[in-house]
Amino acid sequence: MLSEVIDLFWIKWELHGMVGFSLFLQFVLLLVGNRWKLQGRRSLYVTIIVWSAYLTADWIATCALSTLLKAKEDYINGKLVVFWTPFLLLHLGGPHTINAFTLADNELWLRSFLGFIIQVGVAVYVYIRFRTNSNILTYMAIPVFVAGIIKYGERIWILRAASRKRFSKSIFSAHETQVDPPNKGSLKVDDRAKTLDEYLRSKGVIQEEKHIYKAFRLYKMFMPLFLDLKLRFDKDLTQKIILPSMSIEFDGAFKVVEMELGFLYDVLYTKTTILQSMAGKILRPICLLSILSALTAFSFKVDKSSYSKPDVAMTYMLLIGAFFLDVFAVISHVSSNWTVLDLTIRHNKVHKFISRLRFFSLIHGGEDKKEIASIAQQSFIKYCLNTEKSWWPKIVRIIDTEDTFAKFCWTTWEPVNDDLKKFIYSSLKQKQEKYRESKFKYEELLQSLTTKGNSVLIREGVLEKIERSLEKFQRSIEDEEFSHYLLLWHIATSLLFHTNHGKYTGSYYRISKLLSDYMMYLLLLRPNMLPKGIGEERIRETRDEVINFLNKQSSETESEAGDALFNINVSSIGTDKRPDGILVQSKSVLRDGRELAHQLERLVVEEWSWDHEEK
């Protein structure tokens with residue numbers, strides 16, 4: 001008896017539930033779809049929400065279409081449910097704030113295109129099968145179909161445009177936007193930096209918006225690096241590098257980089273590309289007017305007494321929701337940095353209106369959000385210690401072979417202060433100044449970009465001493481891949497930090513640990529942001545070696561584990577024994593990291609006359 005009641009309830013309300021839930025997911029993605037990478041210490045929870053909503057949205061809309069496809073005629077007749085069909089296409093198109101969750105989604109655009117053909121075919125079939133010429137809803141569904149096909153098609157087009165192959169072609173075929181002042185050949189670097197501001201003022205760009213232009217220049221110039229492609233150096237490249245940054249302070253520099261990455265994020269993960277194009281400027285009003293015409297017709301032309309109140313309420317929700325999603329997309333894009341790039345007339349009324357909109361963070365979509373507030377931290381020693389002492393990762397590892405969930409749970413966040421920003425910025429400025437003093441020689445630029453942890457040793461004049469006492473270390477610095485020396489320096493930094501904890505109190509002492517733990521966070525959890533290599537195998541072998549050592553110790557804290565590793569007997573690490581008894585060299589960097597830590601400690605104590613602040 002109970003099962004029959006449940007069956008009757010499900011048959012009556014299943015489609016209402018699926019369509020309503022599909023609309024709810026659209027608003028979830030609208031609100032948090034473009035914020036999941038900007039949440040700092042809440043990133044894990046936001047990522048789970050966005051990932052679940054992104055996958056579920058497509059699945060629930062597809063299930064609703066399948067339900068309509070399998071529905072019997074007596075279940076459909078006399079109801080508004082057929083009119084809901086094109087709205088499911090709108091939902092499959094998704095909101096403008098998120099078009100892809102990962103870069104892999106862009107590469108699978110052809111599979112999404114096949115799904116587009118099938119889903120549109122199913123929707124059209126359901127519409128034709130149950131349509132009635134005497135019902136005005138039959139004709140009202142046509143403009144909604146037009147809007148749904150356009151939005152779904154936009155999604156496929158952007159996935160294709162953001163795929164690696166198409167994105168690479170667009171980089172080397174598109175004409176780069178130029179904002180160089182005239183007669184650039186006769187200007188000195190200092191004059192050119194000064195002239196850029198004058199040039200932007202002549203174009204009506206207000207002072208508060210000039211960073212957007214600098215960020216866009218850098219984004220266009222460094223686009224090849226985002227695809228692991230080499231920069232195309234030309235005689236004017238050095239001027240382009242110097243021009244946007246010579247007269248900028250550290251806080252402005254971080255803001256420029258933030259905007260630059262925002263441009264890249266918009267292109268790869270959102271629908272900004274189509275909204276910015278001429279096609280988007282034509283199609284967006286068509287979609288908006290189509291939804292508005294259907295909403296108006298339903299409000300004034302349809303006799304709603306012929307339908308049940310739940311059906312009428314759901315139809316209004318779909319129409320108003322679709323209209324709001326489109327209006328939100330238009331307002332958000334109009335108030336974005338992309339639109340500001342196109343509006344260069346000062347005191348223009350449109351620009352004033354947009355400037356007011358930019359104060360509303362919800363409408364603006366997060367581009368004028370607060371400055372970077374925290375930095376992710378992942379200590380390799382702490383990661384090994386937690387893995388060794390916890391039992392639940394061993395269970396989760398059955399399905400999560402890379403310990404991704406455990407790494408996320410053990411990630412901590414530290415506040416970002418001005419000292420850290422100034423340190424990073426001053427280091428880059430020193431490289432820039434050295435490059436400038438060399439009169440922009442390519443060799444000097446290449447050396448600045450390829451130093452692998454030994455720049456401080458070169459600066460202090462002790463590189464030869466460390467080469468003589470640690471030749472193997474120097475060979476690894478020169479020859480090994482990025483993941484090797486990143487892990488090497490992280491282990492050395494961690495061992496020195498815990499061994500000397502409380503002895504030094506300078507700001508650099510703390511900054512070095514913050515930056516080291518952040519780079520380890522990238523290596524463990526964001527490896528796609530770093531050069532490719534065999535980092536995972538190296539991390540795994542180093543982790544196993546550290547855990548094997550900690551199993552023999554009684555270390556309870558990270559500091560105790562660091563002290564123990566610093567004093568470990570080097571003869572017991574760095575080799576693996578195969579089943580045949582032959583010793584082979586391990587890919588673990590624990591031995592090299594420990595030796596580097598000891599060598600640096602000796603240099604600090606015996607060779608360098610540093611005070612506590614420098615240490």
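Is Asp 251 buried, partly exposed or exposed? Here are a few notes on this predicted model, starting with that residue.

1. Asp 251 counts as partly exposed, because its relative accessibility is 42% and the partly exposed class lies between under 20% for buried and over 50% for exposed. Asp 251 sits in helix H12, which covers residues 250-269. On the surface, Asp 251 joins Glu 249, Asp 418 and Asp 419 in a patch of negative charge.

2. Helix H12 also holds Tyr 269. With a relative accessible area of 8%, Tyr 269 is buried. You may like to look at its partner in space too: the C-alpha atoms of Tyr 269 and Thr 97 are separated by 8.1 Å, while the two residues lie 172 residues apart along the chain.

3. There is a nonpolar patch on the surface as well, formed by Tyr 139, Ile 142, Val 146, Met 278, Ile 282 and Ile 286, with about 570 Å² of accessible area together. At least two residues of this patch come from each of helix H7 (136-161) and helix H14 (278-301). Ile 286 belongs to helix H14, and its relative accessibility of 36% makes Ile 286 partly exposed.

4. Now to the strands. E1 (residues 374-377) is covered on both faces: Ser 374 and Ala 376 are buried on one side, and Ile 375 and Gln 377 are buried on the other. E1 runs antiparallel to strand E2 (residues 412-415), and four bridges join them. Within this pairing, Ser 374 stands opposite Pro 415 of E2.

How values were computed: Residues are numbered from 1 along each chain as its sequence is written. This is a predicted model: local features need pLDDT of at least 70, side-chain atom pairs count only at pLDDT 80 or more; totals for chains, interfaces and linings use all residues. Side-chain values use heavy atoms; hydrogens and water are left out. Patches are made of residues with over 30% relative accessible area and no salt bridge: like charges are joined within 9 Å, nonpolar side chains (Val, Leu, Ile, Met, Phe, Trp, Tyr) within 5 Å. Accessible areas come from the Shrake-Rupley method with a 1.4 Å probe; for residues, only the protein chains shown count as cover. A salt bridge is a side-chain nitrogen of Lys or Arg within 4 Å of a carboxyl oxygen of Asp or Glu. Lys and Arg count as positive and Asp and Glu as negative; His and the chain ends are not counted. The place of a charge is taken as NZ of Lys, CZ of Arg, CG of Asp or CD of Glu. Buried means under 20% relative accessible area, exposed over 50%, partly exposed in between (1.4 Å probe, protein chains only). Two strands pair if DSSP finds at least two bridges between them.
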